[in-house]
Amino acid sequence: MEPKERAARSAISRIQDGQVLGFGTGSTVQYALEALAERIRDEDLRVLGVPTSLQTQRECQRLKIPLTTLEEHPSLHLAFDGADQVDDDLQCIKGYGGALLREKIVAAAAQRLLIMVDDSKLSPRLNKPVPVEVMPFGMGVAQTFLQKLGRPVLRSKDGDTYWTDNGNPVIDVDLGTIADPAEAARQLDAIPGVVGHGLFIDLTTELHVGTATSVRIIEREPV
C-alpha cells in the first residue's frame, strides 16, 4: 500500500454515520473516496459530501457517494484533503491541483479539517511556490503586486493558460522560504484581483502522515 493511501484510509476511519463531509481534490483524495465508498457499501454508512471540483464530483458519482451542496449544508462535520506541503505548525500549501479556492471555502465550512499526506510533503518551513487564483479582469494588476512579493509564473497546461473550474487563471508565486505564513497570507489577501491562494493558515485539525509501514496522526484543536 502506498504511503498516501495509508494516510487516506486513516482519515476515512474517522468518519461517523450521518455526517456531512467536504471532499478535496487530488490523488490522495482519490484514495480516500475509494475507501469511503467501501465503507458505504460494507457498513451501510450514511453520509453526504460536498465536492471541491468537477473531477471530485465525477468520481463521487462513479463511486455512488451521495452529494450535497453548501447551500443545503453550510456547516460540515469534517473535510478531508491532501496538501502539497505542510510545515511543523500544520500550515499548508495547497492548490497544485487547481481547486484551491473551493478547497478553502469547504475547509472553512468544516468543523474539522483532516489533511492526508505522505512524509515527503513535510517540511520544517514552507518553501514551495504558492498558487494564487486571480480574476481575469485583474490579472495584470495582481501580477504587478505579486512581483513585489516573489517570482510569479502564470500556470499553463498543454501550452495554454490553465483555468480553474471557476474560470480563473492561477499564478504560482515563489516566495522563497516563508518565515511567517500568516503574514504572507495577509499580503496575498490584500492584493486586488486575488480571489484565493494556497496558504491554508490555522485550518488543519488533524494531519495523517503515511509512511511505507504506518500512519502518524498529529492533532490540533480548531482555531
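The largest pocket is lined by 20 residues, and T25, G26, S27, A83 and D84 are the ones nearest its centre. This is a predicted model, and the exercises below start from that pocket.

**Exercise 1. The pocket**

Describe the largest pocket by its volume, by the elements that give two or more residues to its lining and by the kinds of residues found there.

Solution.
- Step 1: Start with the space itself. The volume of the largest pocket is about 250 Å³.
- Step 2: Now look at the wall. Two or more lining residues come from each of these elements: α2 (27-43) and β6.
- Step 3: Sort the lining of the largest pocket by chemistry. There are five nonpolar, eight polar and seven charged residues.

**Exercise 2. A salt bridge within a helix**

Find how E5 and R9 interact, and work out how they are placed along their helix.

Solution.
- Step 1: Check the side chains. E5 and R9 form a salt bridge, with 3.2 Å from N to O.
- Step 2: Place both residues in helix α1 (residues 3-12). They are four residues apart there, so about one helical turn separates E5 and R9.
- Step 3: Compare with the cut-off for buried, which is under 20% relative accessible area. E5 has 17% relative accessibility and therefore counts as buried.
- Step 4: Do likewise for the partner. R9 has a relative accessible area of 28%, so R9 is partly exposed.

**Exercise 3. Salt bridges across the chain**

Which parts of the chain are linked by the pair K94 and D81, and which by the pair E206 and R112?

Solution.
- Step 1: Take the side chains of K94 and D81, which form a salt bridge of 2.9 Å, N to O.
- Step 2: Locate the two ends. K94 sits in the loop between β5 and α4 (100-109), while D81 belongs to strand β3 (residues 76-81); the two are 13 residues apart, and the pair links distant parts of the chain.
- Step 3: Ask about exposure. K94 is buried at a relative accessible area of 3%, and D81 is buried at 4% relative accessibility.
- Step 4: Turn to E206 and R112, whose side chains meet in a salt bridge at 3.4 Å, N to O.
- Step 5: Locate these ends too. E206 is in strand β14 (residues 206-210) and R112 is in strand β6 (residues 110-118), so this salt bridge ties together parts 94 residues apart in sequence.
- Step 6: Compare exposure once again. E206 is buried, at 5% relative accessible area, whereas R112 is partly exposed, at 22%.
- Step 7: Widen the view. Through salt bridges with shared partners, R14, R112, E206 and E219 become one network.
- Step 8: Finish with the total. The whole structure has 16 salt bridges.

**Exercise 4. Cysteines and disulfides**

How many disulfides does a search of the whole structure find, and are C60 and C92 buried or exposed?

Solution.
- Step 1: Search the whole structure for disulfides. The number found is zero.
- Step 2: Look up C60. At 0% relative accessibility, this cysteine counts as buried.
- Step 3: Look up C92. This cysteine is buried as well, with a relative accessible area of 1%.

**Exercise 5. The surroundings of Q91**

Where is Q91 placed, is Q91 buried or exposed, and which residues does Q91 touch?

Solution.
- Step 1: Find Q91 in the loop between β4 (85-86) and β5 (92-93).
- Step 2: Read its accessibility. Q91 has 9% relative accessibility, so Q91 counts as buried.
- Step 3: List the contacts, leaving out residues up to four places away in sequence. Q91 touches Q85, V86, L126, P181, F200, I201, D202 and R220.

Notes. Residues are numbered from 1 along each chain as its sequence is written. This is a predicted model: local features need pLDDT of at least 70, side-chain atom pairs count only at pLDDT 80 or more; totals for chains, interfaces and linings use all residues. Side-chain values use heavy atoms; hydrogens and water are left out. Buried means under 20% relative accessible area, exposed over 50%, partly exposed in between (1.4 Å probe, protein chains only). Contact means heavy atoms within 4.5 Å. A salt bridge is a side-chain nitrogen of Lys or Arg within 4 Å of a carboxyl oxygen of Asp or Glu. A disulfide is a pair of cysteine sulfur atoms within 2.5 Å. On a 1 Å grid over the protein atoms alone, a cavity is a set of points where a 1.4 Å probe fits but cannot get out, and a pocket is an open set with protein on both sides within 12 Å along at least five of seven lines; lining residues have an atom within 4 Å of a point. Grid points are joined across faces, edges and corners, and a volume is the space filled by probe spheres set on the points. Ala, Val, Leu, Ile, Met, Phe, Trp, Tyr, Cys and Pro count as nonpolar, Asp, Glu, Lys and Arg as charged, and the others, Gly among them, as polar.
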